Amino acid sequence: MRASSVVLLPHAPSSVAVARKRLSSELAASGVYESIVDDASVIVSELISNALRHARPLPSGQVKVVWLRRGDLLELEVSDGGAMTEPRRGPGTLSSLGGRGLGIVEALSEGWGVRHEEGATTVWAVLRAPRTSSANGSATPTGAHAGVPEQTNLPDAGDEPDSHLFTRSRYGAASSRAYPG
């Protein structure tokens, strides 16, 4: 498996499934625990859904999805053209029709945040992604979460994502962090 992928997708609902399938396929092939693959798939689904619902596309008319694996850490990013409001966790009450997405991201990840760059807003999440000792990734680590995996094969937008993923800022861009309590 590649240690990273950058995928440019249309600013359209169908992009959620496409990104989830690609991510799941690559992580499973690399030997990541199935439950972590599931969590990463849910996180990417939530981040893309929020970008589609609340933000403009990038100037290209697309959203950019990036995942980068270094050791046992996996960072997931979704970049869009920004919105009038800052991405934030909503109350997500039982009676609300929405507002749970970033709460789900927060619950499944080690942390998440927002980075602003010229012409783009990126919402990122980091999670621990140890490899399994078996080839099929079926073992489940203690305390793991679950989600819905799928798979597909698409071309990359580029071979290497930006090197700033684990530094949280680039070119002086503003960055914020949110960590579960």
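**Group meeting: strands, a helix and three salt bridges**

Let me begin with a strand pairing: β3 and strand β5, residues 120–128, run antiparallel to each other and are joined over 8 bridges. Please keep in mind throughout that this is a predicted model. Within that pairing, L74 sits opposite L127 of β5.

Now the other partner of β3. Strand β2, residues 62–70, is also antiparallel to β3, and 7 bridges connect them. Here the facing residues include W67, which stands opposite L76 in β3. So much for the pairings of β3; how covered is strand β3? It spans residues 73–80, and 7 of its 8 residues are buried, which makes the strand mostly covered.

Next, the turn between β2 and β3. These two strands form a hairpin with 2 residues between them, and G71 there has a positive phi near 60 degrees. D72 also belongs to the loop between β2 and β3. Is D72 buried or partly exposed? Its relative accessibility is 42%, so D72 counts as partly exposed. Leaving aside residues up to four places away in sequence, D72 touches L127, R128, A129, P130 and R131. Take A129 from that list: the C-alpha atoms of D72 and A129 are 4.9 Å apart, although 57 residues separate the two along the chain. L127 has come up before, as the residue of β5 opposite L74.

On to the charged side chains. How many salt bridges are there? The count is 3. As a reminder, side chains of opposite charge can pair when their charged atoms come close.

One of the salt bridges is between E77 and R115, where the closest N and O atoms are 2.9 Å apart. This pair links distant parts of the chain, with E77 in strand β3 and R115 in strand β4, residues 111–117, a separation of 38 residues. Both ends can be checked against the cut-off for buried, which is under 20% relative accessible area. E77 has 3% relative accessibility, so E77 counts as buried. R115 is at 0%, and therefore R115 counts as buried too.

R115 has another partner. Its side chain meets that of E117 in a salt bridge, at 3.5 Å from N to O. E117 has 17% relative accessibility and so counts as buried. Put together, E77, R115 and E117 are linked in a network of salt bridges.

The remaining pair to mention lies in a helix. E26 and R22 form a salt bridge through their side chains, with 2.5 Å from N to O. Both residues belong to helix α1, residues 14–29, and because they are 4 residues apart there, about one helical turn separates them. E26 and R22 are both buried.

Last, helix α2. It covers residues 34–54, which is 21 residues, and its first and last C-alpha atoms are 30 Å apart. That is close to the 30 Å expected at 1.5 Å a residue. How many of the 21 residues of α2 are buried? The number is 17, so the helix is largely enclosed by the rest of the structure.

To recap, β3 pairs with β5 over 8 bridges and with β2 over 7, and E77 of β3 belongs to the salt-bridge network with R115 and E117.

Technical notes: Residues numbered from 1 in each chain as written. Predicted model: local features only at pLDDT ≥ 70, side-chain atom pairs only at ≥ 80, totals over all residues. Heavy atoms only, no water. Expected span 1.5 Å × (residues − 1). Buried < 20%, exposed > 50% of the residue type's maximum accessible area, 1.4 Å probe, protein only. Pairing = 2+ DSSP bridges. Salt bridge = Lys/Arg side-chain N within 4 Å of Asp/Glu carboxyl O. Contact = heavy atoms within 4.5 Å.
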